[in-house]
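Trainee: I'd like a close look at one part of this protein, taken slowly. Could you pick a spot and then walk me outwards from there?

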Amino acid sequence: MKIEDHPVGLSIVVPVYRGAATVGRLVEALSALKPAGGIEIILVNDGSPDDSGDVCRRLAETATVPLTYVEHARNFGEHNAVMTGLRHARGAYVINMDDDLQNPPEEVVRLYDHARLGGWDVVYTRYAKKEHEGWRNLGSRFANKVADSLLDKPRGLYLSSFRCMSAMVVREVAKYSGPYPYIDGLIMQVTQRITSIEVAHYARAEGRSNYNMRRLVRLWLNLATNFSVAPLRLAIYAGIAMGSLGFLLAVFVILEAIFRETPSGWASSMTLMLLIAGVQFLILGVLGEYVGRAFLSANGKPQGVVREVIGPAQKVTQE
């Protein structure tokens with residue numbers, strides 16, 4: 001990809017949420033980088049309840065590199081904020097990274113050059129050691145194992161939020177307008193020219209992670225129900241398994257009634273009823289999740305609502 005065909009070589013998209021204490025240091029470190037073709041920064045304030053908005057506005061006025069500030073009208077979620085940032089990016093390559101300084105700014109140029117010089121569409125990062133809390137690392141490993149089963153991705157590829165994408169991939173990903181985006185699922189639908197490099201991972205500079213168990217569960221649901229029909233197939237398999245079990249038990253009951261006296265089987269009956277009811281409710285829950293998401297998508301639930309844009313990339317191009 002020729003960087004000369006784009007206004008800038010590298011765009012950095014940063015979703016901002018409770019990042020008032022760190023985003024200034026991140027912008028300062030990124031502004032000192034000298035990637036081929038130049039750099040721009042897009043900050044997307046995803047309805048942050050602290051004074052991140054005021055900090056980002058000041059950065060838009062004082063930044064030494066092109067900086068665009070985009071403000072969501074409310075909190076829509078990290079992936080939704082990244083989608084908004086991608087639509088404002090003008091670079092030949094786009095890197096998205098968190099605002100908490102756990103992704104080292106000094107690794108940005110190496111990530112960019114690996115994608116640019118190697119002809120890769122997407123380059124993910126992987127970490128020798130992750131400086132997250134234990135439960136968060138466990139959740140990340142679980143999400144990646146689920147993605148191995150549900151997404152058409154290279155086996156074992158770690159799906160990190162610190163990634164570099166070519167403008168072609170960004171253009172295709174940004175076409176998605178549904179209310180529940182999952183960036184990695186969209187990437188896998190576009191290209192398989194994907195690799196990864198190992199980078200450092202730092203402890204969080206300020207505060208604590210904005211991800212909690214509820215947010216992680218929502219992310220898993222986006223992965224499972226938006227980009228795969230595997231849960232529906234699992235529901236079918238569960239139904240077949242329970243039907244087969246019911247048939248075998250029915251044969252057993254008939255044979256038992258023919259050849260021996262049968263006491264009233266209260267415990268076995270209740271166990272079977274609860275088992276069948278549990279599987280039925282599981283299947284109904286999976287179907288309900290799909291139907292609910294389809295309804296909200298058809299009803300026009302927004303992916304993100306932009307309240308304000310400040311900076312050079314104010315015009316959004318979306319095919």
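## Starting from one arginine

Mentor: Let's begin with Arg 293, which counts as buried because its relative accessibility is 9% and the cut-off for buried is under 20%. Keep in mind as we go that this is a predicted model. Arg 293 belongs to helix α10, which covers residues 266-298. Now look for Gly 178 on your screen: Arg 293 and Gly 178 are 115 residues apart along the chain, yet their C-alpha atoms are separated by 9.4 Å.

That sort of long-range meeting is worth setting against the whole chain. Among the contacts with a separation of 6 or more, 85% are between residues 24 or more positions apart. The chain has 319 residues, 46% of which count as buried, and its secondary structure comes to 10 helices and 8 strands.

For another long-range meeting, go to Gly 91 in strand β4. Gly 91 is buried, since its relative accessible area is just 5% and anything under 20% qualifies. In sequence Gly 91 and Val 8 are 83 residues apart, but from C-alpha to C-alpha they are 4.8 Å apart. If you set aside its neighbours within four places in sequence, the contacts of Gly 91 are His 6, Val 8, Gly 9, Ser 11, Glu 40 and Ala 167.

Stay on β4 and let's hunt for aromatic rings. Two rings pair if their centres lie within 6.5 Å, and planes over 60 degrees apart count as edge-to-face. How many aromatic pairs does that rule give? The count is 2 aromatic pairs. In one of them, the ring centres of Tyr 93 and Tyr 112 are 5.9 Å apart and the planes stand at 70°, so this pair is edge-to-face. It links distant parts of the chain: Tyr 93 sits in β4 (residues 91-96) and Tyr 112 in helix α4 (residues 108-118), 19 residues apart. Both rings belong to buried residues, with Tyr 93 at a relative accessible area of 2% and Tyr 112 at 0% relative accessibility.

The other pair is Tyr 127 with Tyr 158: their ring centres are 6.1 Å apart and their planes at 75°, so this one is edge-to-face too. Tyr 127 is in strand β5 (residues 122-127), while Tyr 158 is in the loop between α5 (134-150) and β6 (163-166), so the pair ties together parts that are 31 residues apart in sequence. Tyr 127 is buried as well, with a relative accessible area of 14%.

Rings can also have a charge for company. The charged end of Arg 116 sits over the ring of Tyr 112, 5.3 Å from its centre. Elsewhere, Arg 74 lies over the face of Phe 76, at 4.2 Å from the ring centre.

Since Tyr 112 keeps coming up, let's look at its helix. The buried residues of α4 are Val 108, Leu 111, Tyr 112 and Ala 115. Looking down the axis of α4, you'd find these buried residues within an arc of 95°, so they line one face of the helix. What covers them includes β1 (8-16), α1 (23-31), β4, β5, β6 and β7 (194-199). Right after α4 comes Gly 119, with a positive phi near 70°.

Next, strand β2 (residues 39-45), where 7 of the 7 residues are buried, so the strand is largely enclosed by the rest of the structure. In a regular strand, the side chains alternate between the two faces of the sheet. Check that on screen: Ile 39, Ile 41, Leu 43 and Asn 45 point one way from β2, and Glu 40, Ile 42 and Val 44 point the other way.

β2 has partners too. It pairs with β1 in the parallel sense over 7 bridges, and Val 14 stands opposite Leu 43. β1, α1 and β2 form a right-handed β-α-β unit. With strand β3 (residues 67-72), β2 pairs in the parallel sense over 5 bridges, and there Ile 41 stands opposite Leu 67. To get from β2 to β3 the chain passes through helix α2 (residues 52-62), and that β-α-β crossover is right-handed.

One last stop is helix α7 (residues 183-190), mostly covered, with 6 of its 8 residues buried. Those are Ile 183, Asp 184, Gly 185, Leu 186, Ile 187 and Met 188, and they pack against α3 (78-88), β5, β6, α6 (167-173) and β7.

Terms used: Residues are numbered from 1 along each chain as its sequence is written. This is a predicted model: local features need pLDDT of at least 70, side-chain atom pairs count only at pLDDT 80 or more; totals for chains, interfaces and linings use all residues. Side-chain values use heavy atoms; hydrogens and water are left out. Rings of Phe, Tyr and Trp (its six-membered ring) pair if their centres lie within 6.5 Å; planes under 30 degrees apart count as stacked, over 60 as edge-to-face and the rest as tilted. Helices (H or I, at least four residues) and strands (E, at least two) are DSSP runs, numbered from the N terminus. Buried means under 20% relative accessible area, exposed over 50%, partly exposed in between (1.4 Å probe, protein chains only). A charge sits over a ring if NZ of Lys or CZ of Arg is within 6 Å of the ring centre and within 35 degrees of the ring normal. The arc is that of the directions from the helix axis to the C-beta atoms. Contact means heavy atoms within 4.5 Å. Two strands pair if DSSP finds at least two bridges between them. A crossover is right-handed if, with the strands pointing away from the viewer, the path from the first strand over the helix to the second runs clockwise.
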